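Please examine the sequence and the structure shown below before reading the dialogue.

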Amino acid sequence: MPLPLEGIRVLDWTIWQQGPISALMMSDLGADVIKIEERVGGDPGRGVLRASGLDLSGFPNFYFEANNRGKRSIALDLKQPEAREIVLELVKKADVFVQNFRPGAAARAGLDYDTLKKINPKIIYGNGSGFGRKGPDAERPCMDYLGLARSGIMLAAGEPNTPPVGIQGAIADQMAGTMLAFGIITALLARERFGIGQEVDVSLLGAMTWLQGLSMSSRLMLGGEMPRPSRQFAFNPLWNHYRCSDDKWLAFAMAQADRWWADFTRVIGKPELATDEKYNTMMNRGINAAELVALLDEVFASKTRDEWMKVLTDGGDFIFSYVNSVSDLPNDPQIQANGLISEVQHDSLGALKMLNVPIGLSETPSRIAGPAPEFGQHTEQVLV
């Protein structure tokens, strides 16, 4: 079965996560991705766990494996003119060149877009940056955590009047890398249609601002952002989450709450709430939200989550689900049924479970080509 990007060659001169994720997505979609690493040290992602003080000898470097699977690695000393010439020769036969160094670094290395397009006018050149390639902070160093901070999401997550919330998992890198892949693939389509190469730019700041599009639209059009949600004072208590007796949580998302309120109160064993003047309309429930949420907290604390799941499922057509931790996800039946996790064979570590790109293509599905390469593993193979 053909793959969507079969026949596309990507030169991946990236480090850490933002850039590598974009190239990984193209690899999963069938592209031949050649990872260009500095001869001394390589991608710092190879040593990030050791640098964090974690001794995972005999275990996979999940950070590097997750961001670089299915690629081929070549190691070059790009400070040497000969190494740069090797890259330029590869550019002649490449479709994509992607890098995520600080603005100006590629130009100093002689690997910027203006240089490469003279060699290959149809090259698609992807730039990943922190704050964007223009403006007063364009050349400032940036990592995932600063993408979270500068984009506003640290003050959008969490309860009102609490300090900024750090979000685990390098999601700014992940989001920006995904958007960079989207931009590059769009540019490949434009090249096919119009015969042109071009430069693609995606920043951590821009990607995380886009992720918050609805709240940003509120700020831009109404003058104010959407406020941080309060669980205790949720204006609609049926758009909220509750702790069960086993310390597990259920979440509800019934925006048109009046439609479900009577059935909901009946199923949870509190039918009198349906006609209580304090709670009989959405407005009244909002006015008395703190009291109602406290009451519902007591109700849900009376049974385990599984017990409530059965009661709610059998009792009506409610919009709800359980609250997972990341550790719960591999065993979630929906994750399993939709094929979001695959096993990849590693020569020395055996089977590794990895996330698939979450895009279902009926005729040209993605696949994981293999584990991440050893440092410089394919140098001779690529350069022959």
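The following questions and answers concern the sheets, the helices packed beside them and an aromatic pair in this predicted model.

Student: In what order do the strands of the six-stranded open sheet run?

Tutor: Strands of a sheet pair through backbone hydrogen bonds, either parallel or antiparallel. In this sheet the pairing is parallel. Its edge strands are β3 (72-76) and β6 (198-203), each of which pairs on one side only, and the twist from one strand to the next averages 20°. Read from one edge to the other, the order is β3-β2-β1-β4-β5-β6.

Student: Which residue of β3 stands opposite Glu 37?

Tutor: Strand β2 (residues 32-38) pairs with β3 in the parallel sense. Five bridges join β2 and β3. The residue of β3 that stands opposite Glu 37 is Ala 75.

Student: Which strands of the sheet does α8 touch?

Tutor: Helix α8 comprises residues 171-194 and packs on the sheet. Its direction makes about 165° with that of β6. The strands touched by α8 are β4 (96-99), β5 (124-129) and β6.

Student: At what angle does α9 run to β6?

Tutor: Helix α9 comprises residues 204-211. This helix lies across β5 and β6. The angle at which α9 runs to β6 is about 70°.

Student: Are α8 and α9 roughly parallel or roughly perpendicular to each other?

Tutor: Two packed helices are described by the angle between their axes and the distance between the axes. For α8 and α9 the angle is about 90°, and the axes are 8 Å apart. Angles of 65 to 115 degrees count as roughly perpendicular. The orientation of α8 to α9 is therefore roughly perpendicular.

Student: How many nonpolar residues does the contact of α8 with α9 hold?

Tutor: From α8 the contact includes Ile 171, Ala 172, Asp 173, Met 175, Ala 176 and Met 179. From α9 come Leu 204, Ala 207, Met 208, Trp 210 and Leu 211. One residue of this contact is charged and none is polar, while the number of nonpolar residues is ten.

Student: Why are α7 and α9 described as oblique to each other?

Tutor: Helix α7 (residues 144-151) packs against α9 with the axes 9 Å apart, and α7 passes α9 in a right-handed crossing. The angle between the two helices is about 50°. This value lies outside the ranges for roughly parallel, roughly antiparallel and roughly perpendicular, so the term that remains is oblique.

Student: Which residues of α9 make the contact with α7?

Tutor: On the α7 side the contact is made by Asp 144, Gly 147, Leu 148, Arg 150 and Ser 151. By class, the residues of the contact of α7 with α9 are four nonpolar, three polar and two charged. The residues from α9 are Leu 204, Leu 205, Met 208 and Thr 209.

Student: Which residues of α8 does α7 meet?

Tutor: The helices α7 and α8 pack at an angle of about 85° with their axes 7 Å apart, and they are therefore roughly perpendicular to each other. Asp 144, Gly 147 and Leu 148 form the α7 side. The contact has three nonpolar, one polar and two charged residues. The residues met in α8 are Ile 171, Ala 172 and Asp 173.

Student: Which helix packs on the sheet of β7, β8 and β9?

Tutor: These three strands form an open sheet in the order β7-β8-β9, with antiparallel pairing. The edge strands are β7 (239-243) and β9 (320-322). Strand β8 (residues 249-253) pairs with β9 over three bridges, and Phe 252 has Phe 320 as its bridge partner in β9. The helix that touches β8 and β9, with a direction at about 30° to that of β8, is α14 (residues 305-315).

Student: Are the rings of Trp 261 and Phe 264 stacked or edge-to-face?

Tutor: Trp 261 and Phe 264 are three residues apart in helix α11 (residues 257-267), which means that about one helical turn separates them. The centres of their rings are 6.0 Å apart, and the planes lie at 25°. Planes under 30 degrees apart count as stacked. The pair is therefore stacked.

Definitions and conventions. Residues are numbered from 1 along each chain as its sequence is written. This is a predicted model: local features need pLDDT of at least 70, side-chain atom pairs count only at pLDDT 80 or more; totals for chains, interfaces and linings use all residues. Side-chain values use heavy atoms; hydrogens and water are left out. Axes are lines fitted to C-alpha atoms, for helices over the stretch in contact, and angles run from 0 to 180 degrees between N-to-C directions. Helices (H or I, at least four residues) and strands (E, at least two) are DSSP runs, numbered from the N terminus. A crossing is left-handed if the near helix is turned anticlockwise from the far one by less than a right angle, and right-handed if clockwise. Contact means heavy atoms within 4.5 Å. Ala, Val, Leu, Ile, Met, Phe, Trp, Tyr, Cys and Pro count as nonpolar, Asp, Glu, Lys and Arg as charged, and the others, Gly among them, as polar. Two strands pair if DSSP finds at least two bridges between them. Rings of Phe, Tyr and Trp (its six-membered ring) pair if their centres lie within 6.5 Å; planes under 30 degrees apart count as stacked, over 60 as edge-to-face and the rest as tilted. Angles under 35 degrees count as roughly parallel, over 145 as roughly antiparallel, 65 to 115 as roughly perpendicular and the rest as oblique.
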